[in-house]
Amino acid sequence: MREPLRWDSQAEPTALAQVVHAGWLQRLLRAEDARRFPGPGGGVGVGALARRVFEGFVELGISYVHEPADSGPGTQLLRPLDEVVSLHQATCLDMCAAFCSAALDAGVYPLILTIRKEGRRHALVLVPLERNWSRGCEPVLEAGFSSEVLTVDGAPVVQLLAAHPGDALATWLAVDVQQASTVGGSVGDWESALDRGAEYVRDWQWEVCVDVGGLCAQRRADDSLPPVVRAGEVLAQAYTELPQDFTALQLIRSRYNVVPFCPRPELAQLREWALSTAEAGSASAGSAGARTAPDLAIAVVAGAGGTGKTRLAAQLCHSLSAIGWCTGFVPSTSELTEADLEVLAELTTELLIVVDYAEEARKEQLATLLRRLRERRSPTRIVLTARGTDVWWQQFQEELVQDGIRLGRTLMIAGLGRHPDSPLLFRKAVRRFSQRLGLPAPQKLEAPAEPGTTALEVVLRAWLAVVGQVGEAEVPDSSVGREALFDRVLDVEFARWKQFPALGEVSAVQLRRAAATVSLLAPRGETGVDEVLSRLPEWAGAPRERSRFAELLTTALLRPATAGEGVYLQPDPVADHLICSEFGEDPGLLEHILPADLESDERLRQAVNACVVLTRAAGADQAVAQSLASAALHTRSQLWREALDVALTQGGPFASALDELAKSGYELPFAEIDAAIPLGHSWLRGLAVTAARRLLEAGGQEPARRAALLNNLANRLSEVGRRGEALGAAREAVGLRRVLAEQDPAAFTPDLAMSLNNLANMLSEVGRRGEALEAAREAVGLYRGLAEQNPAAYASGLAGSLSNLANMLSEVGRRGEALEVAREAVGLYRGLAEQNPAVFTPDLATSLGNLAIMLSEVGRRGEALEAAREAVDLYRGLAEQNPPPLLRAWRGR
């Protein structure tokens with residue numbers, strides 16, 4: 001993995017040459033771009049070659065960015081040439097180093113000069129006009145650098161510099177290479193580069209001059225070039241250009257940046273989080289390329305649809321890219337490949353990645369992304385946007401703990417709500433929509449005091465004011481509810497559709513049904529859209545008209561923003577409203593349009609999209625979304641797997657719809673379903689009970705199998721509060737396992753001990769504390785015997801059963817005994833945590849919390865405070881790595 005180069009101009013000035021290589025630029029550029037840069041000789045003078053190099057960089061369109069904020073006095077992080085070229089951004093020093101690589105290819109001898117004035121620093125390239133570069137050529141500076149003003153034949157170099165391109169007396173050039181980059185929307189030229197360069201050398205203080213040409217000439221000809229990292233090809237840009245033939249509704253999409261961003265405090269929070277470094281994240285200032293500690297952090301931005309999550313993340317990307325970060329969104333249409341992850345891991349520039357709709361993304365991909373990036377030595381920030389932070393976030397963090405991934409400060413922005421300045425946002429949106437559409441802005445238009453509860457509603461009202469009511473002052477006021485607002489937007493949009501001759505005779509009802517259908521399934525490409533439309537009765541028998549409609553949807557009406565993206569209506573909250581309206585009125589339509597088989601990748605993708613969209617649509621209408629989820633599974637029961645995957649991470653209407661399906665007698669792979677639902681899952685406890693019951697019913701009477709199924713059912717019943725039934729199942733499981741353990745102690749004693757612990761808990765829950773204590777004691781006895789024979793396998797089981805016994809003793813008032821047992825449990829967990837901190841530190845923290853309670857109960861408050869402090873310290877460490885909601889509060893009574 002590449003290390004970022006932190007160049008120290010005082011301690012190791014010659015290290016600057018490490019980022020300059022002959023031949024590197026030619027390897028990086030496409031043939032068309034490479035031809036702009038000269039090769040050596042050809043009868044052309046050094047000055048002309050240097051000019052062609054400069055103008056080649058002008059054509060590359062590199063933007064100037066300021067020096068990284070964490071650069072210390074005399075130090076600066078340097079970007080390798082491949083990152084400068086692929087990310088199209090560079091500091092003045094980056095530009096100088098890049099210029100030098102191209103200069104070597106042209107046979108031009110370069111030196112880099114750094115200068116300073118009144119706390120500011122700058123870098124230039126010096127070029128001797130009477131010297132050419134080649135491998136093995138003599139250096140200008142024997143030491144490779146000089147902090148003294150360079151003199152040539154007794155004359156200061158400042159007296160030898162060209163002030164303009166035609167200066168015939170000059171023998172040196174001072175090139176302000178920054179003039180070849182875009183600064184504030186403009187780029188300089190060769191004349192300004194020489195003029196400014198000479199002015200800098202004359203007026204600013206000389207800091208250090210590095211003889212890059214001489215240092216590179218000493219390398220062997222067979223030295224290999226650095227590996228190429230093409231970071232700009234991996235992530236999608238935060239803001240993209242609006243297509244020339246845009247549709248009116250595309251103006252609303254946040255990543256087209258049509259409506260200017262209006263300030264909100266959450267952006268400042270995100271920027272502060274991104275720019276803060278990990279405690280151990282900085283290298284020692286004295287060495288180039290010094291190894292730094294990983295600096296990986298996550299921010300979660302959560303809020304309802306339309307609150308501005310994506311726009312906030314895109315603006316953060318825009319803000320950080322302006323200071324040199326590599327920023328972008330994970331592409332929504334494809335997964336990051338191993339090669340993509342390798343590029344991001346090798347990048348030395350600061351990195352910001354946005355995962356939009358993180359709750360809908362595959363957890364495996366998110367975990368893989370973090371695993372590959374956790375060792376990067378430059379700051380790595382990942383922003384996850386989502387509509388909530390429930391189970392998906394908790395499960396994701398648990399995977400990070402299991403992988404041993406330590407995060408820096410995690411920022412949670414939950415419940416993103418009303419825009420702080422809705423009237424300003426409204427006015428800006430009206431003005432920009434009018435400009436883009438070439439329409440007059442409504443006259444005497446005043447923004448409603450409260451244009452909407454979300455940023456999207458504000459923007460939609462502004463859009464209607466321009467698109468739907470041209471020239472009128474009336475605006476849909478805040479008394480018009482969200483659903484009515486969305487219906488007005490849809491009416492305007494479908495009226496626009498009917499302006500196409502091929503759709504002039506198509507009814508509004510048919511257009512709405514078609515739009516709802518493609519928005520639910522998001523088919524890809526014209527062929528995919530045509531096939532989906534053929535499932536609608538009104539379009540099934542009209543192939544020619546349907547084909548033309550599919551073409552219009554794909555190329556004009558709902559044109560995807562990127563290749564490979566599905567065709568669907570945006571913004572999502574409007575599409576969700578349309579889906580609930582159309583399918584809510586006619587749920588039977590689902591039987592026609594949901595894929596009947598999942599054999600092809602496209603149909604499987606449509607099925608997944610339908611489950612995701614119906615889950616998301618619950619935010620628009622919970623009751624309708626629930627009804628549609630049930631209807632979808634009733635119609636297409638083979639969708640259960642896709643529905644389960646979505647419900648596991650997002651909950652929503654498919655949680656209860658799956659439970660209904662399971663109870664209906666439909667045969668499902670219940671063992672797979674049961675294994676997929678972890679204990680403690682917030683939304684699928686009902687389904688877990690049903691699956692456990694169906695497994696027990698089908699499991700037969702073989703004792704070991706039945707005991708395991710009973711134990712599982714007892715745990716599932718306890719989670720939903722059915723304690724009496726849970727106790728009955730736990731008792732039967734213990735009875736079966738006791739017989740088995742008598743017959744084969746080695747095989748079944750561990751199972752009996754586990755079942756006794758469960759039985760103790762079930763008895764305690766129904767208030768039968770004496771019996772609970774008896775079961776807990778027996779479990780401890782069994783585990784103690786097992787641990788004596790095999791400590792590595794059973795020490796954790798003994799520790800857990802001791803904690804359980806301590807609680808049972810305390811419940812019956814035997815506090816002294818409870819204290820001693822709790823101490824033993826802490827001792828065992830402490831040893832386990834020393835061996836495996838990632839797995840057992842949470843258990844140690846919990847057992848310390850219990851010990852503190854036991855100590856307090858017997859009046860030993862000083863010791864209780866000490867144990868509680870240690871527990872808090874451990875929890876604090878866990879919280880720094882994985883903050884709430886993962887962190888469970890330790891159990892108190």
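# Briefing: strands, cores and helix contacts

Strand β15 is covered on both faces: Thr 380, Ile 382, Leu 384 and Ala 386 on one side, and Arg 381, Val 383 and Thr 385 on the other, are all buried. Buried denotes under 20% relative accessible area, exposed over 50%, and partly exposed the range in between, with a 1.4 Å probe and protein chains only. Helices (H or I, at least four residues) and strands (E, at least two) are DSSP runs numbered from the N terminus.

The model is predicted: local features need pLDDT of at least 70, side-chain atom pairs count only at pLDDT 80 or more, and totals for chains, interfaces and linings use all residues. Residues are numbered from 1 along each chain as its sequence is written, and side-chain values use heavy atoms, with hydrogens and water left out.

**Overall chain**

- The chain comprises 35 helices and 16 strands.
- Of its 893 residues, 54% count as buried.
- Taken along the principal axes, the C-alpha atoms fill a box of roughly 105 × 80 × 50 Å.
- Contacts (heavy atoms within 4.5 Å) often link distant parts of the sequence: among those between residues at least 6 apart, 73% join residues at least 24 apart.

**The parallel sheet around β15**

- An open sheet of 5 strands has the order β13-β14-β15-β12-β16, with parallel pairing; strands pair if DSSP finds at least two bridges between them.
- Strands β13 (326-329) and β16 (411-416) stand at the edges with a single partner strand each, so one side of each has no neighbour in the sheet.
- Direction ignored, neighbouring strands of this sheet are turned by 10 degrees against each other on average.
- Helix α9 (residues 309-321) packs on this sheet and touches β12, β13, β14 (351-355), β15 (380-386) and β16. The direction of α9 makes about 160 degrees with that of β13; angles run from 0 to 180 degrees between N-to-C directions of axes fitted to C-alpha atoms, for helices over the stretch in contact.
- β15 has 7 residues, and 7 of these 7 are buried.
- On one side, β15 pairs with β12 in the parallel sense over 7 bridges, and Ala 302 has Ala 386 of β15 as its bridge partner.
- β14 and β15 also pair in the parallel sense, over 5 bridges; here Val 355 is bridged to Leu 384 of β15.
- Strand β12 (residues 296-303) further pairs with β16 over 4 bridges, again in the parallel sense, and Ile 413 in β16 is the bridge partner of Val 301.

**The antiparallel sheet**

- A second open sheet has 5 strands in the order β7-β11-β5-β6-β10, and its pairing is antiparallel.
- The edges are taken by β7 (145-146) and β10 (172-175), each with a single partner strand, so one side of each is left without a neighbour in the sheet.
- β7 and strand β11 (residues 205-210) run antiparallel and are joined by 2 bridges, with Phe 145 bridged to Val 210 of β11.
- Packed on this sheet is helix α6 (residues 190-203), which touches β5 (111-117), β6 (120-128), β10 and β11. The direction of α6 makes about 95 degrees with that of β10.

**Nonpolar cores**

- A nonpolar core is a set of buried Ala, Val, Leu, Ile, Met, Phe, Trp, Tyr and Cys residues joined through side-chain atoms within 4.5 Å.
- The largest core has 154 residues, and those with the most contacts inside it are Phe 433, Trp 497, Leu 520 and Phe 549.
- Not counting residues up to four places away in sequence, Phe 433 touches Leu 251, Ile 252, Val 258, Val 259, Val 459, Ala 462, Trp 463 and Val 466.
- Another core, of 81 residues, lies apart from the largest one; among its members are Leu 81, Ala 90, Leu 160 and Ala 162.

**Helix contacts**

- Helices α15 (residues 482-497) and α19 (residues 543-557) have axes that come within 12 Å and cross at roughly 115 degrees.
- Their contact is made by Glu 493, Arg 496 and Trp 497 of α15 with Phe 549, Leu 553 and Leu 557 of α19.
- Thr 554 also lies in α19 and counts as buried because its relative accessibility is 14%. Leaving aside neighbours within four places in sequence, Thr 554 is in contact with Gly 525, Glu 526, Val 529, Arg 559, Pro 560 and Val 567.

**Individual positions**

- Arg 6 belongs to strand β1 (residues 5-8) and, at 9% relative accessibility, counts as buried.
- The C-alpha atoms of Arg 6 and Val 58 are separated by 26 Å, with these positions 52 residues apart along the chain numbering.
- Gly 767, just after helix α30, takes a positive phi of about 85 degrees.
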